[in-house]
Amino acid sequence: MVFYTNVLGISGAAVGTLFLVSRIVDAFTDVEMGRIVDTFKPAKDGRLRPWIRRMAPFAVIAGFLMFLYVVKDWSMPAKMIYANVTYLFWGSFCYTGIGSMASVISDKAEDRAALSTFRSVGASIASMVISFVVPLVVYTTNSSGDQIIVPERFTLIAFVFGIVALVMYAVLYFWSVERIQLPEKDASSTETAGQQMKSIVVGLTTNRALLGIISAAIFLLLAQILVGTMNAYLYTTYFNSASGLAAAGILGTVGVLVLAPFASKIAARFGKKESGTVALMISATMYGLIFFLQINNVWAFLAFAFVGNLGMNYFNIIIWAFISDIIDYQEVRTGKREDGTIYAVYSFSRKIGQAFAGGLGGFALSAVGFVSGASGQTPEVATNIYRIATGVPAVAYVIVALSLAFIYPLSKKRVEENTRILKERRAAAQ
């Protein structure tokens, strides 16, 4: 968003439209990729793992191509074509091909909670580096004291991060094992594609656990992505502090790292559904408080936001363990294990949430009068950015908590029962 608006000079509304359309496209390509994984013949290295090997280089190249600073000198139509083509190529095709292996690494609930925890820790460490390093590198201060961007540094950072990403994908591929091996799906079944899809849709739309987590995911992402989008403008426009933006990234990671050692234990003791609901209500309460206080001191705001993000961070740490439980729940209900399809449908919902959140961020910027490429914004624009960045997550986190409490059915007791049933079935099948 910042690269498109502040470097290329594309309007917030146009960027919002790009994010909205691309993630809707992405949602459908995710579902198709899930079906490919579930129906194609596994390779020697597994069903899901080979796709990391095949798609990682393309994802890295596509990521670099999105941040070419020389595009700033092109005409606006050319900029729009460039942004749309490279963004769709990266998100809807290359990155879509890299799936999740959490459900095939282990069938133990405690292992899956640990996998979700370490996934969040890894993401948070990367986010800390990005949130801290990038603002300090790409922003500089002009003679008027305003924070401005050095365009070519975006391209340099994208190149460096691309190299790091390629190395990390290699580590992931060579250091992981698919332990849950399932019978090969018959891609040449006499059942038509339409019949297969109808069966899948019926099975998934009656899966209350999946519907509950989809509802939670959409509103969680609405809050997270909108806050992430608006924070880049909140700290540099409302607080006029690039260092505050960098500190916000660090504190977000610190919150995850503080919670990570205890997340699996909390989830095991109280249940994922139960503990997640309480955590999100705490976050909603804190964001509601800072919305009404309208804090002017950046460091005071950071302190309040840190506490407010703890509940959301806890839920994010354990959220992928919910999906593994849902896969088990679906298998208990239908007798079929559809890892790729359920991940794809969940990813579909996430992309819809991302589409609305990413699009909403751009539309909100335009609606409050933000001027792309300007060296400064009016106080009214800055105040409205603050209100959006605090008010939306307060409401969204309440909705997420209610979705877990009243729609999602997999309590701690129910998860343990499903695990027992599947173990008995697999033992009997041997």
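Student: Why is Phe292 called exposed?
Tutor: The model is predicted, and this value is computed from it. Phe292 has a relative accessible area of 70%. Exposed means over 50%. Phe292 therefore counts as exposed.

Student: What makes Phe291 partly exposed?
Tutor: Its relative accessibility is 29%. Buried would need a value under 20%, and exposed one over 50%. Phe291 falls in between, so the label is partly exposed.

Student: How many aromatic pairs does the pairing rule count?
Tutor: The count comes to 24 aromatic pairs.

Student: Take Phe3 and Phe154. Why is that pair called edge-to-face?
Tutor: Two values decide it. The ring centres of Phe3 and Phe154 are 5.2 Å apart, and their planes stand at 65 degrees. Pairing asks for centres within 6.5 Å, and edge-to-face asks for planes over 60 degrees apart. Both conditions hold, so Phe3 and Phe154 form an edge-to-face pair.

Student: Which parts of the chain does the pair link?
Tutor: Distant ones. Phe3 belongs to helix H1 (residues 2-7), whereas Phe154 belongs to helix H7 (residues 152-174). The two residues are 151 residues apart.

Student: Are Phe3 and Phe154 buried or exposed?
Tutor: Phe3 is buried, with a relative accessible area of 3%. Phe154 is also buried, at 12%. The cut-off for buried is under 20%, so each label follows.

Student: Back to Phe291 and Phe292. What makes them an edge-to-face pair?
Tutor: Their ring centres lie 5.1 Å apart, and their planes are at 85 degrees. Set that against the limits of 6.5 Å for the centres and over 60 degrees for the planes. The values satisfy the rule, so the pair is edge-to-face.

Student: Which residues share an aromatic cluster with Phe3 and Phe154?
Tutor: The cluster also holds Tyr4, Phe19, Phe67, Tyr87, Trp90 and Tyr95.

Student: How do you know that the charged end of Arg49 sits over the ring of Tyr173?
Tutor: That end is 4.2 Å from the centre of the Tyr173 ring. The distance limit is 6 Å, with a second limit of 35 degrees from the ring normal. The distance fits, and the pair is listed as sitting over the ring.

Student: Which ring does the charged end of Arg269 sit over?
Tutor: The ring of Phe270, 5.0 Å from its centre. That distance is within the 6 Å limit.

Student: How many cavities of 30 Å³ or more does a search of the whole structure find?
Tutor: One. The largest cavity has a volume of about 50 Å³.

Student: Which residues line the largest cavity?
Tutor: Asp107, Arg112, Asp328, Thr419, Leu422, Lys423 and Arg426. Helix H15 (residues 412-429) gives the largest share, four residues.

Student: How is that lining divided by class?
Tutor: Five residues are charged, one is polar and one is nonpolar. Asp, Lys and Arg count as charged, Leu as nonpolar, and Thr falls among the others, as polar.

Student: What contact does Glu424 make with Arg420?
Tutor: Their side chains are joined by a polar contact of 2.7 Å. The limit is 3.5 Å between N or O atoms, so the distance qualifies. Glu424 lies in helix H15.

Student: Why is Glu424 called partly exposed?
Tutor: Its relative accessible area is 47%. Exposed starts over 50%, and buried ends under 20%. Glu424 lies between those limits, so it is partly exposed.

Student: Why is Thr236 called buried?
Tutor: Thr236 has 13% relative accessibility, set against a cut-off of under 20%. The residue is in helix H9 (residues 208-238). A polar atom of its side chain lies 2.7 Å from the backbone oxygen of Ala232.

Student: What is the phi of Asn240?
Tutor: Positive, about 55 degrees, although Asn240 is not a glycine. Asn240 is in the loop between H9 and helix H10 (242-270). At 39% relative accessibility, Asn240 counts as partly exposed.

Student: Where does Gln294 lie?
Tutor: In the loop between helix H11 (272-293) and helix H12 (298-334). Gln294 is not a glycine, yet has a positive phi of about 45 degrees. Its relative accessible area is 28%, so Gln294 is partly exposed.

Methods: Residues numbered from 1 in each chain as written. Predicted model: local features only at pLDDT ≥ 70, side-chain atom pairs only at ≥ 80, totals over all residues. Heavy atoms only, no water. Phe/Tyr/Trp six-rings, centres within 6.5 Å; stacked < 30°, edge-to-face > 60°. Buried < 20%, exposed > 50% of the residue type's maximum accessible area, 1.4 Å probe, protein only. 1 Å grid on protein atoms, 1.4 Å probe; cavity = no way out; pocket = protein on both sides within 12 Å on 5 of 7 lines; lining within 4 Å. Points joined across faces, edges and corners; volume = space filled by probe spheres on them. Polar contact = N/O pair within 3.5 Å; in protein donor to acceptor, adjacent residues only side chain to side chain.
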